[in-house]
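This report goes through the fold of one protein chain, beginning with part of a sheet and ending with local backbone features. Please keep the sequence and the structure at hand while reading.

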Amino acid sequence: MSKIVISGYYGFANAGDEAMLTAIINALLSKDSSMDMTVISGNPDITKKVHKVNSIHRFSLLDIFSAMSKSDLLISGGGSLLQDVTSKRSLFYYLAILTMGTVLSKKVMLFAQGIGPIKSSFMRKITKYVCSSVDLITVRDKDSLYELRRIGVPDNKVLLTADAVMTLAGEPKEFGRKLLDKYYVPNNKMLIAIAVRKWREDDSYLLEIAKAADRLIDDRNAHIVLLPLQYPLDIETCRRVQQLMVNKLESTVLAADCNTEEFLSLIGNFDLLIGMRLHALIFSAVMGVPFVAVSYDPKIDGFVKDVNGTSAGRVSDLEADNIINCCRKALFHKEANKAQMKELREKAMLNAEKAFELLHK
């Protein structure tokens with residue numbers, strides 16, 4: 001039985017990261033159903049319950065060391081873990097976990113990672129050293145590939161794949177519709193989801209999103225559903241958008257804590273999604289729902305470029321008129337993106353295949 005330790009930003013009720021973990025576990029089990037997995041988590045009890053795996057706390061170094069000592073492979077799983085925009089401490093933590101794996105002579109893989117930005121020259125040097133010591137790095141977008149090249153990580157260590165969440169199968173829409181009914185969301189109007197997050201103190205971008213929401217209600221007889229992808233952190237920002245709207249009665253803040261499958265089912269019921277959170281966009285792609293991205297981070301730009309998607313621009317210069325124009329474009333090109341989604345799914349499956357190859361070298 002192969003033993004795997006999985007590190008990442010898990011156990012914090014972030015729908016994107018939890019979806020990443022679901023996708024990694026499912027993809028690995030599809031290769032070998034007997035794999036024994038231990039996940040490093042901020043909330044081990046929740047991780048055990050939701051994902052049916054062993055779990056240890058992210059700051060319990062003795063437990064991490066013990067689990068890693070007995071493992072065959074360490075996976076650093078997805079998300080934008082290697083960046084110092086959030087904090088240098090976070091970057092140092094994930095590099096330390098990787099270093100522990102290499103010091104223990106374990107096989108080490110970065111799995112569908114988003115890399116950067118790493119602005120500190122000192123942290124770039126440490127990242128180069130650590131990443132050059134691992135066995136394999138798969139990255140989810142071209143910008144991450146280029147960032148590793150700029151840092152100086154050897155090309156033979158890196159493979160461009162796609163976000164692991166792209167391997168998830170689409171979910172039936174029934175659960176999502178029942179949840180919408182619970183919140184009295186109408187079923188006879190165009191439904192548009194908006195997934196926002198707080199970004200610094202200036203909320204002028206939220207006003208532009210609110211203006212666009214009002215226009216969509218008037219122009220398309222739409223109902224707006226404000227969707228917190230990180231529960232409950234995003235609820236306040238969703239409610240702020242609703243407060244800024246004129247047509248508040250044609251909007252709903254859907255303050256529900258959903259797991260990955262439930263989010264997919266829910267998003268499948270929308271006609272369009274406007275999203276800041278990366279995995280809101282990826283969930284839309286999985287469910288075949290057109291989206292408009294609002295970028296606050298290079299990872300959003302990278303995904304949009306790779307899927308030839310539609311972006312309304314960055315939060316710093318967002319305008320309601322441009323959001324509306326992008327919505328028209330996304331709806332018009334809905335069918336054209338399906339072939340690209342199939343290609344991305346195939347690339348995403350390479351992550352698990354490469355992990356399986358590492359285990360059996």
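## Strand S12 and its neighbours

Strand S12 and strand S13 (residues 311-314) run parallel and are joined by two bridges. In this pairing Ser-295 stands opposite Arg-314 of S13. The connection between the two strands passes through helix H12 (residues 298-306), and this β-α-β crossover from S12 to S13 is right-handed. The model is a predicted one.

Strand S11 (residues 272-275) also runs parallel to S12, and three bridges join the pair. Here Gly-275 is the residue opposite Ala-293 in S12. Together with helix H11 (residues 278-287), S11 and S12 make up a right-handed β-α-β unit.

## Burial of S12

How many of the residues in strand S12 (residues 291-295) are buried? Five of five are buried, and the strand is mostly covered. Phe-291, Ala-293 and Ser-295 point one way from S12, while Val-292 and Val-294 point the other way, and all are buried. Two of the bridge positions described above belong to this strand: Ala-293, which faces Gly-275, and Ser-295, which faces Arg-314 in S13.

## The six-stranded sheet

S11, S12 and S13 belong to an open sheet of six strands, ordered S10-S9-S8-S11-S12-S13 and paired in parallel. Strand S10 (251-253) and S13 are at the edges; each has a single partner strand, so one side of each has no neighbour in the sheet. From one strand to the next, the twist averages 15°.

Helix H8 packs on part of this sheet: H8 lies across strand S8 (190-195), S9 and S11, and runs at about 150° to S9.

## The seven-stranded sheet

A further open sheet has seven strands in the order S3-S2-S1-S4-S5-S6-S7, and its pairing is parallel. Its edge strands are strand S3 (54-57) and strand S7 (158-160), each of which pairs on one side only. The twist averages 20° from one strand to the next.

At the S3 end, strand S2 (residues 36-41) pairs with S3 in the parallel sense over four bridges. Thr-38 has Asn-54 in S3 as its bridge partner. Helix H2 (residues 44-51) lies across S2 and S3, and runs at about 165° to S3.

## Cis peptide bonds

Which residues are joined by cis peptide bonds? One such bond runs from Gly-116 to Pro-117, with omega near 0°. Pro-117 is located in the loop between strand S5 (107-113) and helix H5 (121-133).

Another cis peptide bond joins Tyr-231 and Pro-232, where omega is about 0°. Pro-232 is in the loop between strand S9 (222-226) and helix H9 (235-244).

## Positive phi outside glycine

Ala-13 is not a glycine, yet has a positive phi of about 60°. Ala-13 lies in the loop that connects strand S1 (3-7) with helix H1 (15-31). Is Ala-13 buried or partly exposed? With a relative accessible area of 34%, Ala-13 is partly exposed, because the partly exposed class runs between the cut-offs of 20% for buried and 50% for exposed.

Asn-221 likewise is not a glycine and has a positive phi of about 50°. Asn-221 is found in the loop between helix H8 (204-220) and S9. The relative accessible area of Asn-221 is 43%, so Asn-221 is partly exposed.

## The protein as a whole

The protein contains 14 helices and 13 strands. Along the principal axes, its C-alpha atoms fill a box of roughly 60 × 40 × 35 Å. The radius of gyration of the protein is 20 Å, which agrees with the value near 21 Å for a compact globule, because the chain has 361 residues.

Of the 361 residues in the protein, 56% are buried. Among contacts between residues at least 6 apart in sequence, 70% join residues at least 24 apart. The accessible surface comes to about 15,700 Å², and carbon and sulfur atoms account for 51% of it.

Key: Residues numbered from 1 in each chain as written. Predicted model: local features only at pLDDT ≥ 70, side-chain atom pairs only at ≥ 80, totals over all residues. Heavy atoms only, no water. Buried < 20%, exposed > 50% of the residue type's maximum accessible area, 1.4 Å probe, protein only. Pairing = 2+ DSSP bridges. Right-handed = clockwise from strand over helix to strand, strands pointing away. Rg over C-alpha atoms; globule rule 2.2 N^0.38 Å. Contact = heavy atoms within 4.5 Å. Areas by Shrake-Rupley, 256 points an atom, 1.4 Å probe, with all protein chains shown as cover. Axes fitted to C-alpha atoms, helices over the stretch in contact; angles between N-to-C directions.
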